[in-house]
Amino acid sequence: ALVSERDTGRVVEVRDGRVTEVARLDSRHRGEGGLLGIALSPDGWLYAYHTTADDNRIVRLRPGDGAAPEVLVTGIPSAGIHNGGRLAFGPDGFLYAGTGDADRTSRAQDRDDLGGKILRMTPEGKPAPGNPFGTLVWSYGHRNVQGFGWASDGTGTTRPRPCSPT
């Protein structure tokens, strides 16, 4: 099992009762910020959503190789609350990231802001084909996305729904 530590930025592997550090990110813990989410891809990349001095961001790295993380997405707003941070690979093979509005509700309704959204991307951090706005944004209008779920047919909480203009 891989376990992340929000306050320290460490990712450890737990195997047969032994704990081994496989990565450490320069995360900034403040309020609800820090190392907020991890996901392991089928091909062995470790993806992490974490708070830095400037923003929340998504990076990827190979566990245990010691190389610097590859930054995929920057500019996700951060604050003392509502940082989001959930990461998961969906049944479609794309990476989903849940972001928070960083304590400013207007961000969630602004499609040009990464706060208060579900982002859907390729493993390289590019907008996934078929995203409704041609950007990373899969759905918007969320306060602080904390999780995802998919049914056995691939549908789930990440499917965009029509929004009324009000």
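Let me start with one definition: two residues are in contact when heavy atoms of theirs lie within 4.5 Å. Keep that in mind, and take Ser78. Leaving aside residues up to four places away in sequence, Ser78 touches Arg30, Thr51, Asp54, Asp55, Asn56, Asn83 and Ala102. One more thing before we go on. This is a predicted model.

Where does Ser78 sit? Look at the loop between strand S7, residues 70-76, and strand S8, residues 84-89. Is Ser78 buried or exposed? Its relative accessible area is 18%. The cut-off for buried is under 20%. So Ser78 counts as buried. Its side chain also has a polar partner. That partner is the side chain of Arg30, at 2.8 Å.

Now step back to the whole chain. The protein has one helix and eleven strands. What is the order of the elements? From the N terminus on, they run β-β-β-β-β-β-β-β-β-α-β-β. Find the helix in that string. Nine strands come before the helix, and two come after.

Next, the overall dimensions. The radius of gyration is 16 Å. The globule rule gives 15 Å for 166 residues. Those two values are close, so the protein is as compact as a globular protein of that length. Along the principal axes, the C-alpha atoms fill a box of roughly 55 × 35 × 25 Å.

How much of the protein is buried? Of its 166 residues, 45% count as buried. The accessible surface comes to about 8500 Å². Carbon and sulfur atoms hold 48% of that surface. What about contacts along the chain? Take those between residues at least 6 apart in sequence. Of these, 42% join residues at least 24 apart.

Now the rings. How many aromatic pairs are there? The count comes to six. One of them is Tyr96 with Trp138. The centres are 6.4 Å apart, and the planes make an angle of 85°. That pair is edge-to-face. Why edge-to-face? Because planes over 60 degrees apart are classed that way.

This pair links distant parts of the chain. Tyr96 is in strand S9, residues 95-99. Trp138 is in strand S11, residues 137-140. They are 42 residues apart. Both are buried: Tyr96 has 3% relative accessibility, and Trp138 has a relative accessible area of 12%.

Tyr96 has another ring partner, Trp150. This pair is edge-to-face too, at 5.3 Å centre to centre and 65° between the planes. It also links distant parts of the chain: Trp150 is in the segment after S11, 54 residues from Tyr96. Trp150 is at 26% relative accessibility, so it counts as partly exposed.

Put the rings together. Ring pairs link Tyr96, Trp138, Phe148 and Trp150 into a cluster.

Trp138 also has a charge over its ring. The charged end of Arg120 sits there, 4.2 Å from the ring centre. Look at Met121 as well. Met121 and Trp138 are 17 residues apart in sequence, and their C-alpha atoms are 8.8 Å apart in space. Another charge sits over a ring elsewhere: the charged end of Arg60 is over Trp45, 4.0 Å from the ring centre.

Back to the loop between S7 and S8, where His82 is found. Is His82 buried or exposed? It has 11% relative accessibility, so it is buried. Its side chain makes a polar contact with the side chain of Arg143, at 3.3 Å. What else does His82 touch? Its contacts include Glu32, Gly100, Asp101 and Asn144, again leaving out residues up to four places away in sequence. Ala102 is on the list for His82. Ala102 is on the list for Ser78 as well.

One last point, on the backbone. Phi of His82 is near 60°, a positive value in a residue other than glycine. Asp16 also has a positive phi, near 55°. Asp16 lies in the loop between strand S2, residues 10-15, and strand S3, residues 18-24. Is Asp16 buried or exposed? At 77% relative accessibility, Asp16 is exposed. His82, by contrast, is buried.

Notes: Residues are numbered from 1 along each chain as its sequence is written. This is a predicted model: local features need pLDDT of at least 70, side-chain atom pairs count only at pLDDT 80 or more; totals for chains, interfaces and linings use all residues. Side-chain values use heavy atoms; hydrogens and water are left out. Rings of Phe, Tyr and Trp (its six-membered ring) pair if their centres lie within 6.5 Å; planes under 30 degrees apart count as stacked, over 60 as edge-to-face and the rest as tilted. Helices (H or I, at least four residues) and strands (E, at least two) are DSSP runs, numbered from the N terminus. Buried means under 20% relative accessible area, exposed over 50%, partly exposed in between (1.4 Å probe, protein chains only). A charge sits over a ring if NZ of Lys or CZ of Arg is within 6 Å of the ring centre and within 35 degrees of the ring normal. A polar contact is a pair of N or O atoms within 3.5 Å; within protein, one must be able to donate a hydrogen and the other to accept it, and residues adjacent in sequence count only if both atoms are side-chain atoms. The radius of gyration is taken over C-alpha atoms; the globule rule is 2.2 Å times the number of residues to the power 0.38. Accessible areas come from the Shrake-Rupley method with a 1.4 Å probe; for residues, only the protein chains shown count as cover.
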